[in-house]
Amino acid sequence: MTTPLPKAELHLHIEGTLEPELALALAARNGIDLPYGSADDLRAAYSFRDLQSFLDLYYALMAVLRTEQDFTDLAEAYLARARRQGVRHAEIFFDPQAHTARGVDLRTVVEGLGRALDSAEQRHGITTRLILCFLRDLSAEDALETLESARPYFGTLITAVGLDSAEVGNPPSKFQEVFALAREAGLHLVAHAGEEGPPEYVWEALDLLRVERIDHGIRSLEDERLVERLRRERVPLTVCPLSNVRLRCVDRLEDHPLPRMLEAGLLVTVNSDDPSYFGGYVEDNFRALTAALGLDEEQRRTLAANSFHASFLDDKQRAAYLAEVEAHRFG
Ligand code: HPA
Ligand SMILES: [Zn+2]
């Protein structure tokens with residue numbers, strides 16, 4: 001097998017890496033009844049009409065995650081797979097409110113994930129960051145309480161905040177206050193925008209939340225002025241091609257706007273989003289794009305280099321990874 005291109009993954013929901021086999025094993029370990037008898041039954045349920053139909057299953061399956069060990073096992077399984085996909089650095093989202101709402105403490109979640117991430121560099125050769133995401137379909141007050149309860153982990157385990165879940169009807173403006181507080185606390189800021197929602201949400205994420213990256217952002221192409229702004233300010237976009245097709249934001253991979261985004265001079269990266277649900281991890285996304293759109297080696301190398309430019313790594317570590325990308329030989 002050829003060595004995969006070295007890359008950073010910047011848009012990955014750890015709960016979206018829950019593979020059917022692990023979900024069933026954790027359900028058995030925790031005495032939880034799932035309405036699916038086998039991994040194949042579960043996989044058969046992975047057919048989505050839109051973002052909401054995915055989110056319904058994504059939140060329901062989280063019921064199997066209960067103990068610190070469950071979160072460690074989840075992250076450990078991702079890291080082992082990610083390394084085989086060429087991932088050298090991962091900035092990982094998690095959804096604390098989806099766990100605290102069902103009675104699992106924030107401490108259990110963060111420390112469970114932290115145990116896997118703390119040893120990720122020694123065990124898997126992957127550097128990591130953790131990004132706390134607010135669920136935008138919950139209230140601004142709930143987000144504020146979540147931020148406050150996570151303060152003990154700021155600057156150590158948690159270095160950024162993000163915004164995810166049901167986009168349409170939940171604009172970034174709703175979360176202006178909590179993002180301002182996160183910024184004052186020295187955290188990095190990102191937000192999902194322009195996945196299903198309109199370009200206006202991307203403007204709001206930039207102007208009102210002051211985010212440093214836009215997650216997805218594919219609908220930005222509908223607004224020329226926005227494209228110009230993103231290009232001029234080199235705002236990274238963490239694009240997730242297989243996700244966009246599975247959630248029907250894009251009809252077919254052959255129609256994916258990624259080549260147009262590259263041509264427009266945008267700082268685009270390729271990511272897997274929720275790989276267990278969307279049919280592939282990050283190198284699988286690169287391969288699918290190459291097959292469907294004929295991405296050439298230079299484009300793939302640019303995308304990998306972009307992922308390190310768009311990361312929150314320090315300059316020295318970034319330069320070391322960029323040298324690996326430069327030295328990569330396609331097999
Ligand atoms: O693709 C996504 N969009 C919004 N929220 C999410 N939560 C997990 N995945 C996603
Ligand atoms: Zn996402």
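In the protein chain, 75% of the contacts with a separation of 6 or more are between residues 24 or more positions apart. Keep in mind as you look around that this is a predicted model.

Let's step back to the whole chain. The protein chain holds 17 helices and eight strands. Its radius of gyration is 19 Å, close to the 20 Å that the globule rule gives for 331 residues, so the chain is as compact as a globular protein of that length. If you turn the C-alpha trace onto its principal axes, you will find that it spans about 50 × 50 × 40 Å. As for the interior, 49% of the 331 residues are buried.

Now zoom in on one pair of helices. Find helix α8, which runs through residues 140–150, and helix α9, which covers residues 176–184; the two pack at an angle of about 15°, and their axes are 9 Å apart. Because angles under 35 degrees count as roughly parallel, α8 is described as roughly parallel to α9. The crossing of these two helices, α8 and α9, is left-handed.

Which residues in α8 and α9 meet? From α8 come A140, A143, L144 and L147, and on the α9 side they meet E177, V178, L181 and A182. Sorted by character, the residues of this contact between α8 and α9 comprise seven nonpolar and one charged, with no polar ones. The charged one is E177, since Glu counts as charged. With the side chains displayed, you can follow this contact from A140, A143, L144 and L147 in α8 across to their partners in α9.

Conventions
Residues are numbered from 1 along each chain as its sequence is written. Chains are lettered from A and ligands numbered from 1 in the order in which they are written. This is a predicted model: local features need pLDDT of at least 70, side-chain atom pairs count only at pLDDT 80 or more; totals for chains, interfaces and linings use all residues. Helices (H or I, at least four residues) and strands (E, at least two) are DSSP runs, numbered from the N terminus. The radius of gyration is taken over C-alpha atoms; the globule rule is 2.2 Å times the number of residues to the power 0.38. A residue is buried if 20 or more other C-beta atoms lie within 10 Å of its own, exposed if 12 or fewer, and partly exposed in between; C-beta atoms are placed from the backbone. Two residues are in contact if their C-beta atoms, placed from the backbone, lie within 7 Å. Axes are lines fitted to C-alpha atoms, for helices over the stretch in contact, and angles run from 0 to 180 degrees between N-to-C directions. Angles under 35 degrees count as roughly parallel, over 145 as roughly antiparallel, 65 to 115 as roughly perpendicular and the rest as oblique. A crossing is left-handed if the near helix is turned anticlockwise from the far one by less than a right angle, and right-handed if clockwise.
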